[in-house]
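Please open the model in your viewer and keep the sequence panel visible. This tour proposes a series of selections and states what is found at each.

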Amino acid sequence: MLSISKIAIKKSPLSLSSYFSNTKPRYKLRSHYFDFQATSPTDPRVLDKMLPYMITKQGNAHSKTHMHGWEAEGGVEEARAHVSDLIHADPKEIIFTSGATESNNIAIKGVMNFLNPMKKHVITSQIEHKCVLESCKLLESKGFDVTYLPVQRNGIVDLGELKKAIRPDTGLVSIMGVNNEIGVLQPLKEIGNICRSNKIKFHTDCAQMFGKLPLDVNDMKIDLMSISGHKIYGPKGVGALYVRRRPRVRLLALQSGGGQERGIRSGTLPSPIIVGLGEAARIAKNEMQRDNKRIKKLADKLISQVMEKIPLVQLNGDKEQRYHGCVNLSFAFAEGESLLMNLKDFALSSGSACTSASLEPSYVLRALGVPDEYAHSSLRIGLGRFTTEQEIDFFIETLVTSVERLREMSPLYDMYLEGVDFTKINWSHD
Amino acid sequence: MSLTLPTQKTFSFLQNTTTLLKNHFSKITTKQLEELKKTTVEEASKFTNYNFREYFKERANDLFDDFISKNETNEEYVKQFYDDRKSELEVIKRQVLIGKLYPEQKFVKEN
């Protein structure tokens, strides 16, 4: 750090920006993108729809007195209709937010703060997204009770456990639709029925499911749903929250202001990116079947070929009840970080939190009961609309070579091949 | 020679013929669809981004092949499909241009 500040002092202030600028490419070639659960590239059709709202139609959607405002408002309302159409909701039930994280916060904290002190209990699962778990932790510190439901070995919530956990003072159940790490699909219709029969509000984080799998808020009896824009080839920084109007879901707003978005989320609407979200939703509705067919074909090819060519590979999560674009594979005797370094031609995510300060494996894999040696060597491979078969073939080839190379270097693998029983080994040195 | 003014009958005959001719010439033929498919695939091949290029090419081929094989007789559906694909072609042309304005490095394995 000292050397950098010395350079800054010697040169003029303007050169600092050139030090951090992107004018010179840092990398020679781009890695193939296999991290669609983290984010997705903005579809060119979405960008095309957004650009006029950033160039000419720049008005504030709440300006009611001139054409600039009316134009922006028109774009926003059209986007609202597209988003609601995809989930069979009414456009008035869609609230635009800055993303699924904000939607989750509003849903959980807003509903429970409104129901306080009559209802003090929240039920969620152990494999929820961090923002849901952190919101629940905050509620716990404020005196609420939270039950974190365990999941079965296949990642799906046990409905019996959910029924047992329901108390007279349960106000909200929050279970995500598709998990971002393992891709399992929860039984939302059954959970919705249980919640409706017990008069409990049902919130679902559908950031990974919206626009990818069919959703019907009435059929699944969903009261609140979080939506993310950048997971469905839309722009980053926008999301939505579906808030049911019949029967009415009441909640206390987190953000105070001019009362926009039914008073639930005040603030000027970012019309360009909302228009982008609407267009992404419209495209998703038209392309869902075709995309899913393609992605399933590619995912099946990936899983079957990898399992055929290398032994001791485990697919985490249920095989059938999943979104096929999220493949989480664990490789025994091949460490996760080394595997990622060998696959530098691909943009991937590891199943463990190795990049964070702690060396603990991912809490999702731990909740599944995946043993530590598998959890440390897991890869999350994300497939999407723009993945090609050629990329999959290249990936399979490189992955197989990397895993074989790592296992050759692994003394533990040699011991496994010799038939050593690891449970009988005393690892401590005397 | 006496000049006779056109009667109501003549007007309605002319109107009917014009509508008939309009409908005949606005009918979208398979040849036109094939031409539009060829143009769309050509334009999509100009994307600088590998993933977009492959996706839009494959999508154009799939959509047009599926539609042409269906042999849709309802002219309205055919016109709707043709108009939708035409507007998408405009989008592709604009986005190809934008991609060229912001060039990036190639992917590791490009054809």
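Begin by selecting I156(A): leaving aside neighbours within four places in sequence, its contacts (heavy atoms within 4.5 Å) are V151(A), L185(A), Q186(A), P187(A), D318(A) and Q321(A). I156(A) lies in the loop between β4 (145–149) and α7 (159–165) of chain A; helices (H or I, at least four residues) and strands (E, at least two) are DSSP runs, numbered from the N terminus. With a relative accessible area of 7%, I156(A) is buried. Buried means under 20% relative accessible area, exposed over 50%, and partly exposed in between, with a 1.4 Å probe and protein chains only. Add R322(A) to the selection: R322(A) and I156(A) are 166 residues apart along the chain, and their C-alpha atoms are separated by 9.7 Å.

Before going on, please note the conventions. The model is predicted, so that local features need pLDDT of at least 70 and side-chain atom pairs count only at pLDDT 80 or more, while totals for chains, interfaces and linings use all residues. Residues are numbered from 1 along each chain as its sequence is written, chains are lettered from A and ligands numbered from 1 in the order in which they are written, and side-chain values use heavy atoms, with hydrogens and water left out.

**Second stop: I127(A)**

Select I127(A), which is placed in the loop between β3 (121–125) and α6 (130–141) of chain A. Is I127(A) buried or exposed? Its relative accessibility is 0%, and I127(A) therefore counts as buried. Not counting residues up to four places away in sequence, I127(A) touches V151(A), G155(A), M176(A), N179(A), V184(A), Q186(A), Y363(A), V364(A) and A367(A). For a long distance in sequence, display I392(A) as well: I127(A) and I392(A) are 265 residues apart in sequence and 28 Å apart in space, C-alpha to C-alpha.

**Third stop: R196(A) and a cis bond**

Move to R196(A) in helix α8 (residues 188–197) of chain A. R196(A) counts as partly exposed, at 31% relative accessibility. Which residues does R196(A) contact, its neighbours within four places in sequence left aside? They are K221(A), D223(A), R244(A) and P247(A). The C-alpha atoms of R196(A) and K221(A) are separated by 6.9 Å, with their positions 25 residues apart along the chain.

Now select P247(A), in the loop between β8 (239–243) and α9 of chain A. A cis peptide bond, with omega of about -5 degrees, joins R246(A) and P247(A). Another cis peptide bond joins N116(A) and P117(A), where omega is about 0 degrees; P117(A) is in the loop between α5 (100–115) and β3 of chain A. Most residues other than glycine have a negative phi, and most peptide bonds are trans.

**Fourth stop: positive phi**

Select L312(A), in the loop between α9 and β9 (313–315) of chain A. Phi of L312(A) is near 55 degrees, a positive value in a residue other than glycine. L312(A) is partly exposed, at a relative accessible area of 23%. F333(A) also is not a glycine and has a positive phi, of about 65 degrees; F333(A) is in the loop between β10 (326–331) and α10 (336–342) of chain A.

**Fifth stop: two helices**

Colour helix α4 (residues 67–86) and helix α9 (residues 271–309) of chain A: their axes come within 8 Å and cross at roughly 35 degrees. Axes are lines fitted to C-alpha atoms, for helices over the stretch in contact, and angles run from 0 to 180 degrees between N-to-C directions. Among the residues in this contact are A72(A), G75(A) and V76(A) of α4(A), and I274(A), V275(A) and L277(A) of α9(A).

**Last stop: the two chains**

Finally, show chain B beside chain A. How many residues does the contact take from each chain? It takes 21 residues from chain B and 26 residues from chain A. The two chains bury about 2300 Å² between them, 56% of it on carbon and sulfur atoms; buried area is the accessible area (1.4 Å probe) that two parts lose on being put together, summed over both. In chain B, select Y55(B), Q105(B) and V108(B), which lose the most area to chain A, together 29% of what that side buries.
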